[in-house]
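The following exercises train the reading of a protein structure, from the whole chain down to single residues. Please attempt each task before turning to its solution.

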Protein chains: 2
Amino acid sequence: MNRNILRETDGAARALARRLVREAPYAALAVNEEETGFPLASRVLLATDIDGAPAILVSGLSVHTRAIEADDRVSILTGEPAKGDPLAHPRLTTRCHARLVDRESVHHAWLRRRFLSRHPKAKTYIDFPDFNLFRLEPVSANLNGGFGKAFVLEGADLVRPDALKSYRWFDSSYAAKHAEGMFLQVENKDYAFIDIDPEGIYFRERRIIARHDFEKVSTNHDELLELVHEFACKIPKI
Amino acid sequence: MNRNILRETDGAARALARRLVREAPYAALAVNEEETGFPLASRVLLATDIDGAPAILVSGLSVHTRAIEADDRVSILTGEPAKGDPLAHPRLTTRCHARLVDRESVHHAWLRRRFLSRHPKAKTYIDFPDFNLFRLEPVSANLNGGFGKAFVLEGADLVRPDALKSYRWFDSSYAAKHAEGMFLQVENKDYAFIDIDPEGIYFRERRIIARHDFEKVSTNHDELLELVHEFACKIPKI
């Protein structure tokens with residue numbers, strides 16, 4: 001972050017930052033390694049909770065998990081470069097507190113489903129006794145939108161407040177089943193449904209994970225599926 | 001790193017680890033942020049010194065550089081996933097001590113040339129007064145060669161001992177000029193020369209940075225250019 005080039009955080013910066021977390025299939029995770037004092041960067045698969053907070057699935061036998069258990073302060077780097085200069089591509093460093101999600105909790109079942117909707121291959125190991133889901137509570141973030149475009153964000157810029165309360169009415173299996181059906185009707189193989197929440201949907205456009213935020217946040221299933229229908233109608237038919 | 005799946009470090013693991021550092025155009029850099037206690041992951045361009053040690057170019061105004069100045073313990077994550085499951089791709093976490101390279105030193109001139117041979121666009125800012133080169137001295141590394149293939153390495157596995165002494169006879173500008181000429185004679189636009197050292201050459205194969213290690217380490221320019229010639233002759237003509 002360059003002090004001279006630090007810009008005022010606006011709606012566009014917040015939207016870009018949210019996209020960089022939500023559309024990332026994986027991240028570089030930095031943890032404090034207690035034994036050595038070194039900060040360790042490793043690769044983890046990423047999903048999001050329905051409020052936009054990132055979530056990771058890690059083995060309790062791995063170096064990074066042992067580090068998190070000793071010190072819950074972590075950061076994730078998201079925003080992978082495509083072709084061209086790697087520093088011209090936007091990326092985000094998000095400081096988070098890692099919170100273990102109790103395997104016996106309802107929240108674990110929700111997050112587990114959400115994780116697998118994005119990473120179906122993880123089904124072969126997600127239920128191993130040494131594997132755990134951690135929710136990463138964003139504290140603050142540094143956005144680098146490319147050369148000379150630096151922004152500082154708060155944790156609250158990345159999550160929708162009170163979104164977890166949606167789970168009171170939101171039935172993710174029901175909503176996902178119906179939303180997936182609408183995508184299948186489009187009959188365009190370049191687009192595949194991934195997951196849904198009251199705020200938007202994830203889908204695969206060719207190989208890339210994409211996020212579409214609805215214009216308003218749904219408060220019931222009828223409203224939600226109507227918004228999915230509107231979106232699905234805009235997907236070009238082959 | 002999984003204790004159950006930790007394997008004995010062999011020559012193939014060391015060769016893979018060296019390749020993961022040397023062929024990486026960029027890395028995720030983890031640093032200790034003194035003010036917050038959080039480990040920070042950010043993106044940096046990477047080059048290597050002639051012994052294989054990584055080197056980075058960073059702005060003194062950036063968060064990561066201020067962190068390095070307060071605590072020289074860092075790690076880099078290298079090995080970018082291509083298509084498919086990101087966790088199936090090999091990657092390496094290397095713990096390093098970051099050493100500022102004195103701008104007035106001969107070593108800085110060598111490293112500067114080496115950095116620019118790989119990242120020519122950095123020419124526009126490498127000489128800005130706030131930009132500095134840091135050499136990262138490898139301390140140890142964790143190699144993840146894909147599911148169930150974990151190895152622990154020492155810093156010495158990643159660098160060639162005494163290689164920096166080659167600078168006594170090695171004239172990088174002279175060697176690079178002649179090696180580049182041999183590549184141009186091949187007339188295959190998929191291959192472009194990047195840089196050379198007594199141990200091997202870097203070249204671009206389409207868009208990818210590749211490293212070729214010679215069968216022996218050169219001890220003079222004639223021997224070195226003969227090895228480049230042998231390699232260039234093996235590049236397919238279009």
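The exercises below concern a predicted model, and each is followed by a worked solution.

**Exercise 1. The chain as a whole**

Task: Determine how many helices and strands chain A has, and establish how its radius of gyration relates to the globule rule.

Solution:
- Step 1. Chain A contains 5 helices and 10 strands.
- Step 2. For 238 residues the globule rule gives 18 Å, and the radius of gyration of chain A is 18 Å; chain A is therefore as compact as a globular protein of that length.
- Step 3. Along the principal axes, the C-alpha atoms of chain A occupy a box of roughly 55 × 45 × 35 Å.
- Step 4. Of the 238 residues in chain A, 57% are buried.
- Step 5. Among contacts in chain A with a separation of 6 or more, 64% join residues 24 or more positions apart.

**Exercise 2. Surface and charge**

Task: State what area chain A exposes, and count its positive and negative side chains.

Solution:
- Step 1. The exposed area of chain A is about 10900 Å², of which carbon and sulfur atoms supply 52%.
- Step 2. There are 34 positive and 35 negative side chains in chain A.
- Step 3. The centres of these two sets of charges are 4 Å apart.

**Exercise 3. The domains**

Task: Identify the domains of chain A and describe the contact between them.

Solution:
- Step 1. Domain 1 covers residues 3-161 of chain A, and domain 2 covers residues 169-231.
- Step 2. The contact involves 10 residues from domain 1 and 17 residues from domain 2 of chain A.
- Step 3. Between the C-alpha centres of the two domains of chain A the distance is 23 Å.

**Exercise 4. Two loop residues of chain A**

Task: Decide whether A:Ala122 and A:Ser218 are buried or exposed, and find what they touch beyond their sequence neighbours.

Solution:
- Step 1. A:Ala122 belongs to the loop that links helix H3 (106-118) with strand E6 (131-144) of chain A.
- Step 2. Its relative accessibility is 2%; because buried means under 20%, A:Ala122 counts as buried.
- Step 3. Outside the neighbours within four places in sequence, A:Ala122 contacts A:Leu57, A:Phe115 and A:Leu116.
- Step 4. A:Ser218 sits in the loop between strand E10 (208-213) and helix H5 (221-234) of chain A.
- Step 5. With a relative accessible area of 2%, A:Ser218 is buried.
- Step 6. Not counting residues up to four places away in sequence, A:Ser218 touches A:Trp169, A:Pro198, A:Glu223, A:Leu224 and A:Leu227.

**Exercise 5. A strand residue of chain A**

Task: Locate A:Phe203 and give its distance in space from A:Glu180.

Solution:
- Step 1. A:Phe203 is part of strand E9 (residues 200-205) of chain A.
- Step 2. A:Phe203 has a relative accessible area of 6% and is buried.
- Step 3. A:Phe203 and A:Glu180 are 23 residues apart in sequence, and their C-alpha atoms are 9.6 Å apart in space.
- Step 4. Leaving aside neighbours within four places in sequence, the contacts of A:Phe203 include A:Phe183, A:Tyr191 and A:Phe231.

**Exercise 6. Positive phi in chain B**

Task: Find the phi values of B:Asp162 and B:Glu187, and decide whether these residues are buried or exposed.

Solution:
- Step 1. B:Asp162 is a residue other than glycine, yet its phi is positive, near 65 degrees.
- Step 2. B:Asp162 lies in the loop between strand E7 (150-154) and helix H4 (172-186) of chain B, and at 53% relative accessibility it counts as exposed.
- Step 3. B:Glu187, also not a glycine, has a positive phi of about 55 degrees.
- Step 4. B:Glu187 is in the loop between H4 and strand E8 (191-197) of chain B; at 64% relative accessibility, B:Glu187 counts as exposed.

Methods. Residues numbered from 1 in each chain as written. Chains lettered and ligands numbered in written order. Predicted model: local features only at pLDDT ≥ 70, side-chain atom pairs only at ≥ 80, totals over all residues. Heavy atoms only, no water. Helix = DSSP H or I, 4+ residues; strand = E, 2+ residues; numbered from the N terminus. Rg over C-alpha atoms; globule rule 2.2 N^0.38 Å. Buried < 20%, exposed > 50% of the residue type's maximum accessible area, 1.4 Å probe, protein only. Contact = heavy atoms within 4.5 Å. Areas by Shrake-Rupley, 256 points an atom, 1.4 Å probe, with all protein chains shown as cover. Lys, Arg positive; Asp, Glu negative; His and termini not counted. Charge placed at Lys NZ, Arg CZ, Asp CG, Glu CD. Domains from an automatic or database assignment.
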